[in-house]
Amino acid sequence: MFGCLVAGRLVATDKFVFNLPDYENVNHVVVFMLGTLPFPAGMGGAVYFSFPDPAVGQVWQLLGFITNEKPSAIFRISGLKAVAQVGVSIESLDLLAQQTPVSNSAVSTVDSFTQFTQKMLESLYNFTSSFALSQSQMTPNPSEMYVPASSILKWYENFQRRMVQNPNFWKT
């Protein structure tokens, strides 16, 4: 039911736990449904993080939730205590609506596709810019094609503008 890049396990019929390797270096966690099996009617998934506390054992903090209508969420976890696991508990939507997530786990308002696209564009621009040469530095090479950096920048700015106007423009 849930997608995760780390191995998870079912700990009860309505609870899943995923260990986070290298959790000290994790800033955000994306939790999403795969779309193959929806939640039962009136149910959703509460998303928790746990960290070890020597005094009391595992401490779970509510980050937020996912539902059939909101099948993914990005949670900022930097600033929380050393996180060791992600847990998803299937609960009623009424119960989910009454719960309050920890204050410093901010749910991202940018969907993961838009965020990925922005990072990809920045990476492409930064990568191509690292090879930039002035005209005086160029050595003629008939087998090489050169693209002006201004063309890459213009494409980057146009793509960003179109993503802001309509994140699904690329589907048409």
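These legends accompany several close-up views of a predicted model.

**View 1. The whole protein chain, from the first strand to the last helix.**
Welcome to the overview: the protein chain holds three helices and eight strands. Reading from the N terminus, the order of elements is β-β-β-β-β-β-β-β-α-α-α. Of the 172 residues, 28% are buried. The accessible surface is about 11,200 Å², and carbon and sulfur atoms account for 59% of that area. Among contacts with a separation of 6 or more, 72% link residues 24 or more positions apart.

**View 2. Confidence along the protein chain.**
Before zooming in, it helps to look at the pLDDT. The average for the protein chain is 77, and 82% of the residues reach at least 70. Among the elements, strand 3 (residues 15-19) has the highest mean pLDDT, 85, while strand 1 (residues 2-3) has the lowest, 38. For residues 1-7 the pLDDT is below 50, although this stretch has 25 contacts in the model beyond near neighbours in sequence. Predicted coordinates should not be read in detail where pLDDT is low.

**View 3. The two faces of strand 4.**
Here we follow residues 28-33, which form strand 4. Side chains in a regular strand alternate between the two faces of the sheet. In strand 4, V29, V31 and M33 make up the covered face, whereas H28, V30 and F32 lie on the uncovered one. The strand has an antiparallel partner in strand 7 (residues 72-76), to which five bridges join it. If you would like one pair to look for, V30 has I74 of strand 7 as its bridge partner.

**View 4. A nonpolar surface patch that includes V30 and F32.**
Staying with the uncovered face of strand 4, we meet V30 and F32 again. Together with L34, these residues make a nonpolar surface patch of about 240 Å². L34 itself sits in the loop between strand 4 and strand 5 (43-53), so the patch draws on V30 and F32 from the strand as well as on this loop residue.**View 5. The salt bridge between K15 and D14.**
This close-up shows the one salt bridge found in a search of the whole structure. The partners are K15 and D14, with their closest N and O atoms 3.6 Å apart. K15 is partly exposed, at a relative accessible area of 34%. D14 is partly exposed too, at 27%.

**View 6. The surroundings of D14.**
Finally, we stay with D14, in the loop between strand 2 (8-12) and strand 3. Leaving aside residues up to four places away in sequence, D14 touches V88, S89 and I90. E91 is 77 residues from D14 along the chain, yet the C-alpha atoms of the two are separated by 7.9 Å.

Key. Residues numbered from 1 in each chain as written. Predicted model: local features only at pLDDT ≥ 70, side-chain atom pairs only at ≥ 80, totals over all residues. Heavy atoms only, no water. Buried < 20%, exposed > 50% of the residue type's maximum accessible area, 1.4 Å probe, protein only. Helix = DSSP H or I, 4+ residues; strand = E, 2+ residues; numbered from the N terminus. Pairing = 2+ DSSP bridges. Patch = residues over 30% accessible without salt bridge, like charges linked within 9 Å, V, L, I, M, F, W, Y side chains within 5 Å. Areas by Shrake-Rupley, 256 points an atom, 1.4 Å probe, with all protein chains shown as cover. Salt bridge = Lys/Arg side-chain N within 4 Å of Asp/Glu carboxyl O. Contact = heavy atoms within 4.5 Å. pLDDT = per-residue confidence, 0-100.
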